[in-house]
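Dear colleague,

I am handing this structure over to you, and I would be glad if you could look through it before reading my notes. What I found follows below, grouped by kind of contact.

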Amino acid sequence: MAQQSGNDLKPQLEKLLQAFDDEDDRDLLHRTELDHIFRILRANKDKITSRPPDVEKKEELPELLRKIDEALQQCKARSKQPQQSDNAKSKKMTLPSVSDCNPFKSRSPDFSVEPLLQQTITILGDAPSTSAPAANHDAAGEDTVLYEWTTSYVDEDRIYGWADEADKVVDALIGLQEEEGKEDQLLFRAAGITGIHGSGKTALAQKVFVHDRIKDAFPLRLWVCVGPPDHKDRFNLLYRMLDNLGLDTAKVEAIVDNADVVKAAAGDKDKSKIGVLLFILYVTLYKTGYFIVFDDIRAYDGSDGWYSNLTLQPPNKGEWYERLAYGLPKARKSAVLVTCRSEDDARTMVRTGRVFRPPGLGVAEGWKLFEREYNEAKKKNKKEKEEKEKDKDEKEKKEEDELYKELEQMKEQIVGKCLGLPVAIVQAAKGFALLEHKPDDPPKAEDKALPDGTVPSKTEPATQATEANQPVN
């Protein structure tokens, strides 16, 4: 089959982008992953539509666009299911049982957009979150930055250092390695990671998430990015958790709306619905040991207490809506890890559990991070420039090497000035990548050394020359 040129792909790409823009106001399934995919497509639009496409793996572009279109159609179709069930509520309907929510029960296979996102990044490269349009300023006049969701996907080669710290967090979640196999009365453990923005909380949590001892200890692992968008939207948070556990959210919604406690509730039924969702989460997790990471709990509200004391058991009587802890069973060996910026909030959530702070990166690890980000930024900046003559490219390449050589001599100072903070090191690397190396000016004639090794003074050259020519008395 003949390859499609960039011009052939242009109408296909524009149609795909328009189809996604049409869903801008809808609550689309897998919205986070789709936003990331289409951000990459927009960033590479000119490269995709050029003739031939200015992409290394251009032969894979047609199939990639076709897969993205299919994923978008599936997400649109599945997002309509809850609304369709609303229309059927007035008709005769068989109420599903809670046992239908068992994630181990056979059901129609669900699909994930995450592998497609990784394939898109492999072919086109990643595109970071962009700022909101310039016209969309807040009261302080600053741009609103889109929140970038974290995921459980970890490229361990891109996380430097913290091996010992990860081992300590794992010990707090499982127990000391030498104590494994012994009877342990503590079935549920909680720990926290805290620190300022960019200190590496998420990276350390990801390192723990893929730790071999964690994989061996817990049959089920779940990554939950809370973040600013969902820290108060408990419905969305719980539905995302249940969806990631493999439950049919349309069926879950039917169970919630038809629960006796919800029907009997007077006035606002939201609290009762939250309680039913927590009960469904409890039943789903009850049959297996689990490990859950709640990443970036930013706006913990101590007066409300919904996130507080995750070690609590659910009440024997009454509704369950008051705490997230009630949806986390403690019947089998399980653990929860939370990350947040406030140490006090972390301790409120894990109570007697340990709380850790990622230490600053050392010079060796910090420089590895700097080097990676510097080279990636240099490569990106070079691609964005217009192609120039080969001999000039070779000259620029040499200059880039000279700049890096000078920076490498200052690596201790650079990592030290960044206080070992990953986010500061990354921003420093990107900033230096924008600079062009300027070689030192060659020494002037008057600065050259005399035959006897001395350098003539710049202030009195004429006097020295006259005295040198004076006859000896």
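A salt bridge is taken here to be a side-chain nitrogen of Lys or Arg within 4 Å of a carboxyl oxygen of Asp or Glu. Please bear in mind throughout that this is a predicted model.

**Salt bridges**

Side chains of opposite charge can pair when their charged atoms come close. Nine salt bridges are counted under the rule above, and one of these joins the side chains of R66 and E63, with 2.3 Å from N to O. Because that distance lies within 4 Å, the pair of R66 and E63 meets the definition. Both residues belong to helix α4, which covers residues 61-79, and since they are three residues apart there, about one helical turn separates them. R66 is partly exposed, with a relative accessibility of 34%, and E63 is likewise partly exposed, at 36%.

R66 also has a salt bridge with E70, where the closest N and O atoms are 2.4 Å apart. These two residues are again both in helix α4, this time four residues apart, which is about one turn of the helix, and E70 counts as partly exposed at 39% relative accessibility. Taken together, E63, R66 and E70 are linked in a network of salt bridges.

A further salt bridge brings together the side chains of D257 and K273, at 3.5 Å from N to O. This pair links distant parts of the chain, 16 residues apart, given that D257 is in helix α12 (residues 249-257) and K273 is in helix α14 (residues 270-286). K273 is partly exposed, its relative accessible area being 21%.

**Aromatic rings**

A pair of aromatic rings is described by the distance of the centres and the angle of the planes. The count for this model comes to eleven aromatic pairs. Among them is the pair of Y282 and Y286, which is tilted, with 5.7 Å from centre to centre and 35° between the planes. Helix α14, already mentioned for K273, holds both Y282 and Y286, and they are four residues apart in it, about one turn of the helix. What sets the two tyrosines apart is their accessibility, as Y282 counts as buried at 16%, whereas Y286 counts as partly exposed at 36%.

Another aromatic pair is formed by W306 and Y307, and it is edge-to-face, with the centres 5.3 Å apart and the planes at 80° to each other. Here both partners are buried, W306 having a relative accessible area of 1% and Y307 one of 4%.

Which residues are linked by ring pairs into a cluster? They are F209, F218, W223 and F291. One member of that cluster, F209, has a charge over its ring as well, since the charged end of R221 sits there, 4.7 Å from the ring centre, which is within the 6 Å that the definition asks for. A similar arrangement is found at F188, where the charged end of K330 sits over the ring, 4.9 Å from its centre.

**Backbone and a contact across the sequence**

Most residues other than glycine have a negative phi, and most peptide bonds are trans. Against that background, two residues deserve a look. N309 is not a glycine, yet its phi is positive, at about 45°. The residue is placed in the loop between β3 (290-295) and β4 (334-340), and N309 counts as buried, with 9% relative accessibility. R351, which is not a glycine either, has a positive phi of about 55°. The loop that holds R351 runs between α15 (343-350) and β5 (355-356), and in contrast to the buried N309, R351 is partly exposed at 44% relative accessibility.

Finally, E371 and Y404 are 33 residues apart in sequence, while their C-alpha atoms are 8.7 Å apart in space. E371 is part of helix α16, which covers residues 363-384, and with 31% relative accessibility E371 counts as partly exposed.

If you have time for a few places only, I would suggest opening the model at the network of E63, R66 and E70, then at the cluster of F209, F218, W223 and F291, and then at N309 with its positive phi.

With best wishes

Technical notes: Residues are numbered from 1 along each chain as its sequence is written. This is a predicted model: local features need pLDDT of at least 70, side-chain atom pairs count only at pLDDT 80 or more; totals for chains, interfaces and linings use all residues. Side-chain values use heavy atoms; hydrogens and water are left out. Buried means under 20% relative accessible area, exposed over 50%, partly exposed in between (1.4 Å probe, protein chains only). Rings of Phe, Tyr and Trp (its six-membered ring) pair if their centres lie within 6.5 Å; planes under 30 degrees apart count as stacked, over 60 as edge-to-face and the rest as tilted. A charge sits over a ring if NZ of Lys or CZ of Arg is within 6 Å of the ring centre and within 35 degrees of the ring normal.
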